Amino acid sequence: MKLYIKKARNFMMAAIATFALFSCDLELQKEWEYVPEPFGNRPTGMSALEWMEMINSDPTYQDANGLPEFNYLLEAIARTGLEDLYLGQDTTKTYLLLRNSAWNGNNQLIQNMAGNRNYPLDSISNERLEHVLRYHIIDEYLSQPAIPKNDSFLYYQTLVPGDTGSIEINKRLFDQSIRINTSIARIGSPSTPSNMPSTSRGTVVNLHNFIFTNGIGHQLNSYVRYQPF
């Protein structure tokens, strides 16, 4: 038994010496650096349209298929001739910016409007595309911090006139994300269901607070609606 203890002690001492020898050459671990949402929460100095065009010209911001992230949205804007809505000087607008996944993803816009997610955008009429774009612009400036947390639903008017242009907003207490046309998630109690019609569709904002010269934008990976477009 004494021999066994002595051998174990010698092994431990050798291991400690080896670690001390090699640890002298190890570099100190670099401090972790937080990378914020790209360009978020500070003025871009550009209109919504100019900013999206700038992002699309940068290969850093591409989707999984290698396409510029706003490829479909910019094409829809050009097809409908609504450039002025995204270039204007009215600073009270909130732009819900649809990334490519909101257009060509499974059960997303192109599939739901044209029947096949692989169809080109021109398989959808310009009139229907305009309806989509107008519903994703709110006629009021809504920054993420200004929206009350998880208290109640707030209702706003999009650029679609009448009741079908109504949009429902709440903000998740846990992660502060803006939620559109969805239930209010409660901690420790049941969720409060949305008051939107069964034909509506909701989602969570993915990237918040892109401050433009003509309003503010939030990026979505899925689209929202009051009723089918």
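Where do R134 and E130 lie, and how many residues apart are they? Both sit in helix α7, which covers residues 126-135, and they are four residues apart, about one turn of the helix. Keep in mind as you look around that this is a predicted model.

Those two residues do more than share a helix. The side chains of R134 and E130 meet in a salt bridge, with 2.8 Å from N to O. Neither end is fully tucked away: R134 has a relative accessibility of 25%, so it counts as partly exposed, and E130 counts as partly exposed too, at 26%.

That pair is one part of a bigger tally, since the structure holds four salt bridges. Let's move on to K93, where there's a bit more going on. D90, K93 and D139 are linked in a network of salt bridges. Take the two links one at a time. On one side, the side chain of K93 meets that of D90, at 2.6 Å from N to O. On the other, the K93 side chain meets that of D139, this time at 3.1 Å from N to O. This second link joins distant parts of the chain: K93 belongs to strand β1 (residues 93-98), while D139 is in the loop between β2 (137-138) and β3 (154-157), and the two are 46 residues apart.

Is K93 buried or exposed? K93 has a relative accessible area of 12%, and buried means under 20%, so K93 is buried. Its two partners come out otherwise. D90 is partly exposed, with a relative accessible area of 37%, and D139 is partly exposed as well, at 42%. So the network brings together a buried lysine and two partly exposed aspartates.

Now for the empty space. Rolling a probe the size of a water molecule over the atoms shows where such space is left. Here the structure holds one cavity of 30 Å³ or more, and about 40 Å³ of space lies in the largest cavity.

Which residues line the largest cavity? They are T94, L96, I138, L142, I147, I169, I178, I180 and H218. Strand β1, the one that holds K93, turns up again here: β1 and β5 (178-180) are the elements that give two or more residues to this lining. As for character, the lining divides into seven nonpolar residues, two polar ones and no charged ones. If you want to find the spot in the model, T94 and L96 are good places to begin, as both are among the lining residues.

Note on methods:
Residues are numbered from 1 along each chain as its sequence is written. This is a predicted model: local features need pLDDT of at least 70, side-chain atom pairs count only at pLDDT 80 or more; totals for chains, interfaces and linings use all residues. Side-chain values use heavy atoms; hydrogens and water are left out. Buried means under 20% relative accessible area, exposed over 50%, partly exposed in between (1.4 Å probe, protein chains only). On a 1 Å grid over the protein atoms alone, a cavity is a set of points where a 1.4 Å probe fits but cannot get out, and a pocket is an open set with protein on both sides within 12 Å along at least five of seven lines; lining residues have an atom within 4 Å of a point. Grid points are joined across faces, edges and corners, and a volume is the space filled by probe spheres set on the points. Ala, Val, Leu, Ile, Met, Phe, Trp, Tyr, Cys and Pro count as nonpolar, Asp, Glu, Lys and Arg as charged, and the others, Gly among them, as polar.
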